[in-house]
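This report is written for someone meeting the structure for the first time. It goes from one pair of side chains to the chain as a whole, and then to a helix contact and some details of the backbone.

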Amino acid sequence: MRFSQTHHMPYTDIDEAGLGWPISNSRFEAQRAVEMFRTYIHAKVHAEECGFDAIGCNEHHMSPFGMMPNPNLIAASVTERTTKAEIQLSGNIVPLTNPIRVAEEYAMIDVMSGGRLMAGFMRGIPHEYVAYNIAPDESWSRMREAVQLILKAWTEPEPFGWEGEHYRFRAVSIWPKPVQLPHPPILMSGGSPTSARFAAEHRAIMGILRVLNFDQALRLIDIYKQKAREDGWEPGPDRFMVGVPTAVAETFEEAKRELHDGTQYFFDVLQGGINRAQLLVLQKTRFNADDTLVRPIDKDQTMKATPVEQRIENGQVLCGTPDMVVDQIERMHAALNHGHMNLIVKVGNMSDDFVLRSMRLLGEHVFPEVKRLGRTTETVAAE
């Protein structure tokens, strides 16, 4: 089992964000943001010391939800302060960005890190297409073409031209190219059947980044496996990543309090008008077309009202003492047989001190007990 750390770098010095979107930045205080960036980047770098295998950075726009409109900048900073952990870009919202730019910047990070990049290709969430004035109806056609172009830019040894539906380039020959051959490992979202099949087509690690329940996650994993088998290969646990908000403390009461309060702030403030904006986009476009198993927008309010104990039972969170969290991870692995877990270590306005303590408890007491999960008999024997 491999573990990655995700920290969305929220702006938490507001007590409400309203129902509009984009979120007004009138209450943004520059000096507080400077302090937050230093604290948050330190937490990301500290993940390596705590035994995390990867450090995640992801992209969001025009909201205090996360101050990483360009996660590659944060990744570059983390790269220079670490030596072992993978740099998990989870990731660039590919249809919103010039794909050659993504190929170039990802290649730079792979070179700077000595070959530690995990390259996330994400379609993003509906309202972010409004932020960049890109038609949501084009999300899948842009995604498919952009990924194809990026992979060709990484692997084609000679300059080439590109005449596609959305992108046209007279000549492409990027410098530098990635260190990892034929290219860095790819991470894609698997939150819908279409996404799961697309990830399988590219033999990507599929991330189920917010679990509703074990049945939903298993159905998406099965769709990936079915597509892989149609293409003639058999995916193992290393192809599947499950993401969960995480709170670990010496007592269940403290972990529960931090997760509950952080969750309330997340849904009441940081989500702000995001859900409303997403719902409007979904109602007026075919962003999700006829996909099933997509997490309904209105589920957020249900999840907010769900007791922590029930969310643990559903596999939606990890919460408790180290021993409790070991049990929760083992139960989740028994149900899903996944090889990666993406732990969201700061939920809402969790205190930064608690985030660091939670990460240390994971590294000292949880990871040593669960790293063995997903390893084959041959792997154990080799060690």
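With which residue does R357 form a salt bridge in which the closest N and O atoms are 2.6 Å apart? In this model, which is predicted rather than determined by experiment, the partner of R357 is E254, and 2.6 Å separates the closest N and O atoms of the two. The pair joins distant parts of the chain, since R357 belongs to helix α13 and E254 to helix α8, and their positions lie 103 residues apart in sequence. E254 has a relative accessible area of 15% and is therefore buried, the limit for that class being under 20%.

R357 also forms a salt bridge with E250, where the closest N and O atoms are 3.6 Å apart. This second pair again links distant parts of the chain, with E250 in the loop between β9 (240-248) and α8 (252-270) and R357 in helix α13 (residues 352-370), at a separation of 107 residues. E250, in contrast to E254, is exposed, having a relative accessible area of 51%.

Another salt bridge is formed by D13 and R32, whose closest N and O atoms are 2.6 Å apart. Because D13 sits in the loop between β1 (2-6) and α1 (30-49) while R32 sits in helix α1, this pair ties together parts that are 19 residues apart in sequence. D13 is partly exposed at 37% relative accessibility, and R32 is likewise partly exposed, with a relative accessible area of 26%. In general, side chains of opposite charge can pair when their charged atoms come close. The three pairs described here are listed below.

| Salt bridge | Closest N and O atoms |
|---|---|
| R357 and E254 | 2.6 Å |
| E250 and R357 | 3.6 Å |
| D13 and R32 | 2.6 Å |

The whole structure holds 21 salt bridges, and R2, D53, E86 and K371 are linked in a network of such bridges.

The protein chain is built from 14 helices and eleven strands, and 58% of its 383 residues count as buried. Among contacts in the chain with a separation of 6 or more, 76% are between residues 24 or more positions apart. The chain exposes about 16600 Å², of which carbon and sulfur atoms supply 51%.

Helix α5 (residues 139-155) and helix α6 (residues 193-201) have axes that come within 12 Å and cross at roughly 10°. The two helices are therefore roughly parallel to each other. On the side of α5 the contact is made by W140, M143, R144 and V147, and on the side of α6 by T194, S195, F198 and E201. Of these contact residues, four are nonpolar, two polar and two charged.

Some details of the backbone complete the picture. The peptide bond from S90 to G91 is cis, with omega near -5°, and G91 is part of strand β3 (residues 86-93). The bond from L181 to P182 is also cis, with omega near 0°, and P182 is placed in the loop between β6 (168-172) and β7 (186-189).

Positive phi values occur at M9, where phi is near 60°, and at M62, where phi is about 55°, although neither residue is a glycine. M9 lies in the loop between β1 and α1 and is buried at 0% relative accessibility, whereas M62 lies in the loop between β2 (54-57) and α2 (71-80) and is partly exposed at 42%.

Methods: Residues numbered from 1 in each chain as written. Predicted model: local features only at pLDDT ≥ 70, side-chain atom pairs only at ≥ 80, totals over all residues. Heavy atoms only, no water. Axes fitted to C-alpha atoms, helices over the stretch in contact; angles between N-to-C directions. Helix = DSSP H or I, 4+ residues; strand = E, 2+ residues; numbered from the N terminus. Parallel < 35°, antiparallel > 145°, perpendicular 65-115°, else oblique. Contact = heavy atoms within 4.5 Å. Nonpolar A, V, L, I, M, F, W, Y, C, P; charged D, E, K, R; others polar. Salt bridge = Lys/Arg side-chain N within 4 Å of Asp/Glu carboxyl O. Buried < 20%, exposed > 50% of the residue type's maximum accessible area, 1.4 Å probe, protein only. Areas by Shrake-Rupley, 256 points an atom, 1.4 Å probe, with all protein chains shown as cover.
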